[in-house]
Amino acid sequence: MKLEGIIAYPITPFKAETQEVDFDALTITLNALLEHQCDAIAPLGSAGESAYLSWQEWQQVAQKSIEVVNHRVPVILGISELTTSMAIQKAQKAEELGADVIMVIPVSYWKLTDQEVYEYYQQIAAATKLPIMVYNNPATSGLDMSPELIVKMFEGIENICMVKDSTGDIQRMHKFHELTQGKLPFYNGCNPLALEAFCAGASGWCTVAPNLLGKLPNLLYQAIKDGDLAQAQNLFYKQLPLLRFIVQGGLPKTVKAGLNELGFNVGAPRKPLQNASLAETNQLMGFIRDGSVNLNNSYK
């Protein structure tokens, strides 16, 4: 499977009174992302608060997301587990539900060796036929996989066919290209690095930004495809203040604050995460207005 373009990350909405998953709001936000011309949908990532969901909730969100997207674009389900056995269980459920790809990040309490990481992915891959995107994000997982290890897994484990890197280090993307002669598709997961990553040959941008900026991320991608670097720079710098802000403030908190202000009613993050403050929300909305309205870009 060849994925290109904007891979959008939905949040997981919760009901204000009970903190139960709000499936009606999930449907609305997923359809909005599709209207914003995203090329794939990736539920149950960091922005989706997967770490705060029960096993039953994870299955329900996965199933609902796949049903709503309904083959309009590929669905990439996120898996982040301490244990190999639970990661395998989720991978098998993802395949059963009809996901197109799984994005797997090993979460580390004890520091894992390269061999332990390799076998983690190897055993997951043996349990499913789904393509696997290796996800490297040491800021959230506590584990930093080197480009050399990722390339070794790409070359030695059949299902592994792409990598998302969120370190913010552009040199890693160059390394992926050099070590595989351009054969390993890589995806940028660091929002403020979007322009540089596309210029370095990234196949796509994995981002929550379409939730708040509508079609603007897609317009950036189209400018890159068209070879219009000046337009790509203009579009990127419209987005950059918001991209920095949501990363620094935490994705579930900031994205939910913005969606609530835009009328989507997605509730609050789960504790111990807290709501954005009034000052943070006001600053966020200023970035949304500066980025989108100036380009006549609709939110919904």
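Leucine 30 is a residue of helix 1, which covers residues 23-35, in what is a predicted model. Its relative accessibility is 0%, and because buried means under 20% relative accessible area, leucine 30 counts as buried. Once the neighbours within four places in sequence are left aside, the residues in contact with leucine 30 are Pro10, Ile41, Ser65 and Val68. One of these partners, isoleucine 41, stands 11 residues away from leucine 30 in sequence, and the C-alpha atoms of the two are 8.1 Å apart in space.

From this single residue we can step back to the chain as a whole. The chain has 13 helices and eight strands. Its radius of gyration is 18 Å, close to the 19 Å that the globule rule gives for 300 residues, and the chain is therefore as compact as a globular protein of that length. Taken along the principal axes, the box that the C-alpha atoms fill is roughly 50 × 50 × 35 Å. Of the 300 residues in the chain, 55% are buried, and leucine 30 is one of those that count as buried. When contacts with a separation of 6 or more are considered, 71% of them join residues that are 24 or more positions apart.

The next stop is a pair of residues named in a database record. Under "active site", UniProt lists Tyr135 and Lys164, in an unreviewed entry. These residues span 30 residues in sequence, yet no two of their C-alpha atoms are more than 4.8 Å apart, so they gather at one spot. Both Tyr135 and Lys164 are included in the lining of the largest pocket.

Taken one at a time, the two residues each sit in a strand: tyrosine 135 belongs to strand 5, residues 132-136, and lysine 164 belongs to strand 6, residues 160-165. Tyrosine 135 counts as buried because its relative accessibility is 7%, and lysine 164, with a relative accessible area of 5%, is likewise buried. If residues up to four places away in sequence are not counted, tyrosine 135 touches Lys164 as well as several others, among them Ser46, Met103, Tyr121 and Ser166. Under that condition the residues touched by lysine 164 include Tyr135, Met103, Tyr9, Tyr187 and Cys206.

The pocket that these two residues help to line can now be described in its own right. The volume of the largest pocket is about 780 Å³, and 34 residues line it, with Ser46, Tyr135, Asn137, Thr140 and Leu251 lying nearest its centre. Several elements each supply at least two residues of this lining, namely strand 3 (76-81), strand 4 (101-106), helix 5 (138-141), strand 8 (204-207) and helix 12 (251-261). Sorted by class, the residues of the lining are 19 nonpolar, 13 polar and two charged.

A last look goes to helix 10, which runs over residues 216-225 and has Leu216, Pro217, Asn218, Leu220, Tyr221 and Ala223 as its buried residues. Just after helix 10 comes glycine 227, which takes a positive phi of about 75°.

Definitions and conventions: Residues numbered from 1 in each chain as written. Predicted model: local features only at pLDDT ≥ 70, side-chain atom pairs only at ≥ 80, totals over all residues. Heavy atoms only, no water. Helix = DSSP H or I, 4+ residues; strand = E, 2+ residues; numbered from the N terminus. Buried < 20%, exposed > 50% of the residue type's maximum accessible area, 1.4 Å probe, protein only. Contact = heavy atoms within 4.5 Å. UniProt positions renumbered as here; feature names shortened; annotations may be inferred. 1 Å grid on protein atoms, 1.4 Å probe; cavity = no way out; pocket = protein on both sides within 12 Å on 5 of 7 lines; lining within 4 Å. Points joined across faces, edges and corners; volume = space filled by probe spheres on them. Nonpolar A, V, L, I, M, F, W, Y, C, P; charged D, E, K, R; others polar. Rg over C-alpha atoms; globule rule 2.2 N^0.38 Å.
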